[in-house]
Amino acid sequence: MAHRDLILDPDSRIVLVGNREVELTRTEFELLATLMESKRRVRSKADLTLVLRGESYVTSYFVGDADKRAIEAHMTNLRRKLGDDPNNPRYVETVRGVGYRMTAENVAPPPGS
C-alpha cells in the first residue's frame, strides 16, 4: 500500500518513508495499515480500538475513554516516527471530534506560489 512517499508492505511488515525504513510497534503498524486501507474514510477512535482488539465493526463491545486516549497516544507516536506534523499533516490527519483519516493524495501548493 502506498500514500505519497509512504509505503507499507503488510506481508513483510515493513514501512518506508521515502527510502527510510521506519520501525513501528505492532499497534502502530496495525493503525497505519487500517487507515491506509480506509483511505479518505474517517475512522473513529472507538472503531480503531475495536480493530486493534480484532473486534472490528462489532457494536456490543464497550470502548471507554482510556481506550480512546490510548489511540491518541499511539497516533502521536506513529506521527512522530513518520515525521508527520499534526498541524500540517502529510499522511494522517485528525478529523476533529470524529477520528482520523489519510490526507488527500494531491499536495496543495504552498501559500504564495
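**Figure 1. The contact between helices α1 and α3 in the predicted model.** In this predicted model, Thr27, Glu28, Leu31, Leu32 and Leu35 of α1 meet a set of α3 residues made up of Ile71, His74, Met75, Asn77, Leu78, Lys81 and Leu82. Sorted by class, the residues in this contact of α1 with α3 are seven nonpolar, three polar and two charged. A packed pair of helices is described by the angle between the two axes and by the distance between them. Here the axes of α1 and α3 come within 10 Å and cross at roughly 85 degrees, which means that α1 lies roughly perpendicular to α3.

**Figure 2. The open sheet of four strands, with antiparallel pairing.** The strand order in this sheet is β1-β2-β3-β4, and the edge strands, each pairing on one side only, are β1 (residues 2-3) and β4 (residues 20-22). Strand β3, which spans residues 14-17, runs antiparallel to β4 and is joined to β4 by three bridges. Within this pair of strands, valine 17 has arginine 20 of β4 as its bridge partner.

**Figure 3. Packing of helices α1 and α3 on the sheet.** Helix α1, formed by residues 26-38, packs on the sheet by touching β1, β2 (residues 6-9) and β3, and the direction of α1 makes about 110 degrees with that of β2. Helix α3, formed by residues 65-82, also packs on the sheet, where α3 touches β2, β3 and β4; the direction of α3 makes about 165 degrees with that of β4.

**Figure 4. Helix α2 and the elements that cover its buried residues.** Within α2, which comprises residues 45-53, the residues Asp47, Leu48, Thr49 and Leu50 are buried. The cover over the buried residues of α2 includes the helices α1 and α3 together with the strands β5 (residues 43-44) and β7 (residues 99-102). Glycine 54, which follows α2, has a positive phi, near 80 degrees.

**Figure 5. The protein as a whole, as context for the close-up views.** Three helices and seven strands are assigned in the protein, and from the N terminus on these elements run in the order β-β-β-β-α-β-α-α-β-β. Of the 113 residues, 35% count as buried, while the protein exposes about 6,900 Å², of which carbon and sulfur atoms supply 50%. Among contacts in the protein with a separation of 6 or more, 51% are between residues 24 or more positions apart.

Terms used. Residues numbered from 1 in each chain as written. Predicted model: local features only at pLDDT ≥ 70, side-chain atom pairs only at ≥ 80, totals over all residues. Heavy atoms only, no water. Pairing = 2+ DSSP bridges. Helix = DSSP H or I, 4+ residues; strand = E, 2+ residues; numbered from the N terminus. Contact = heavy atoms within 4.5 Å. Axes fitted to C-alpha atoms, helices over the stretch in contact; angles between N-to-C directions. Buried < 20%, exposed > 50% of the residue type's maximum accessible area, 1.4 Å probe, protein only. Areas by Shrake-Rupley, 256 points an atom, 1.4 Å probe, with all protein chains shown as cover. Parallel < 35°, antiparallel > 145°, perpendicular 65-115°, else oblique. Nonpolar A, V, L, I, M, F, W, Y, C, P; charged D, E, K, R; others polar.
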